Amino acid sequence: MTKIHRDPDPDSLARRAAEFISKRAEAALKQSGRFSLVLAGGSTPTATYCELGGLLMRNGLDLQGIEVYWGDERCVPPDHPQSNYRMAKETLLDDLGLGSSQVFRMSCEKAPEAGAKRYEEMLRERFPSAAAPRFDLILLGLGADAHTASLFPGSKLLQERERWVAAEKVASLNSWRMTLTPLAINGARQVLFLVQGESKTDAVYEVIVGAHGPRQFPAQSIEPEDGELHWFLDEAAAGRI
Ligand code: 6PG
């Protein structure tokens, strides 16, 4: 199931996305006592994370069941300005005061490939005997080149059928990244793309409406096996659909 949610501007997009995530967290915690949330990096999610912390705290939820993971990470130290972990810590995690046993940082600043192996081993312990991790909710962004997480055009990871986590040097950025593979992302109950701005209009069109070509448009490889796909878009990003 794919659902497109359109909002007039980034502020209303952030509010609505935060409300959606908060409601999902509440339902999962009530049902199973567990809510596994995978965070996106980049700049788009920051406003949503700032809204989300307050909602989760206000709803009086027992936050001990929340587990926070990342969909991808730049291979830099956790206090680096480019770190997705640092961005989430400053906009969400510091508000929530989660315990260290609830936050699973992608550590790849020293040895990316070994870090990816360790992250996958951790995931396989927490989601045992599964073909893919059954995360409750994964947040993703979209690049103007239609990359998502750190799955970039032409990446061999787009054909990965075994690994859940991998690291590779991204030629276009000349830097290392760690990322969940499409196999791991597509196991989720719900996947939400958060996309805003005119710079993403064409990418949104190509991914949602354009011809199928995930090597060129990696976000097309995101098709939950047994889950929901949601697009939260502002009018600028949705301009061609
Ligand atoms: C990252 C992200 C990446 C991001 C897109 C969009 O680590 O950069 O995971 O996939 O979501 O590049 O980034 P913006 O939200 O900054 O446009």
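Two strands count as paired if DSSP finds at least two bridges between them. Helices (H or I, at least four residues) and strands (E, at least two) are DSSP runs, numbered from the N terminus. With that in hand, look at the smaller topic to begin with: three strands make an open, antiparallel sheet in the order β4-β7-β6. β4 (72-74) and β6 (165-170) sit at its edges with a single partner strand each, so one side of each has no neighbour in the sheet. On average, neighbouring strands here are turned by 20° against each other, direction ignored; axes are lines fitted to C-alpha atoms (for helices, over the stretch in contact), and angles run from 0 to 180 degrees between N-to-C directions.

A word on what you're looking at: this is a predicted model, where local features need pLDDT of at least 70 and side-chain atom pairs count only at pLDDT 80 or more, while totals for chains, interfaces and linings use all residues. Residues are numbered from 1 along each chain as its sequence is written, and side-chain values use heavy atoms, with hydrogens and water left out.

Back to β6, which pairs with β7 (residues 175-180) in the antiparallel sense over six bridges. Find Glu-168 and you'll see its bridge partner in β7, Arg-177. Helix α4 (residues 112-126) packs on this sheet, touching β6 and β7, and its direction makes about 160° with that of β6. Contact here means heavy atoms within 4.5 Å.

Now for the other sheet. Six strands form it, open again and parallel in pairing, in the order β1-β9-β8-β5-β2-β3. Its edges are β1 (2-7) and β3 (66-70); each has a single partner strand, so one side of each is left without a neighbour in the sheet. β1 pairs with β9 (residues 228-234) in the parallel sense over six bridges, and Ile-4 has Trp-231 of β9 as its bridge partner. Helix α1 (residues 10-32) packs on this sheet, touching β1, β2 (35-39), β3, β5 (137-140), β8 (190-195) and β9, with its direction at about 155° to that of β9.

α1 also packs against helix α2 (residues 45-58), at an angle of about 45° and with the axes 8 Å apart. That makes the two helices oblique (under 35 degrees is roughly parallel, over 145 roughly antiparallel, 65 to 115 roughly perpendicular, and the rest oblique). Among the contact residues are Ala-14, Ala-18 and Ile-21 of α1, and Leu-52 and Leu-55 of α2.
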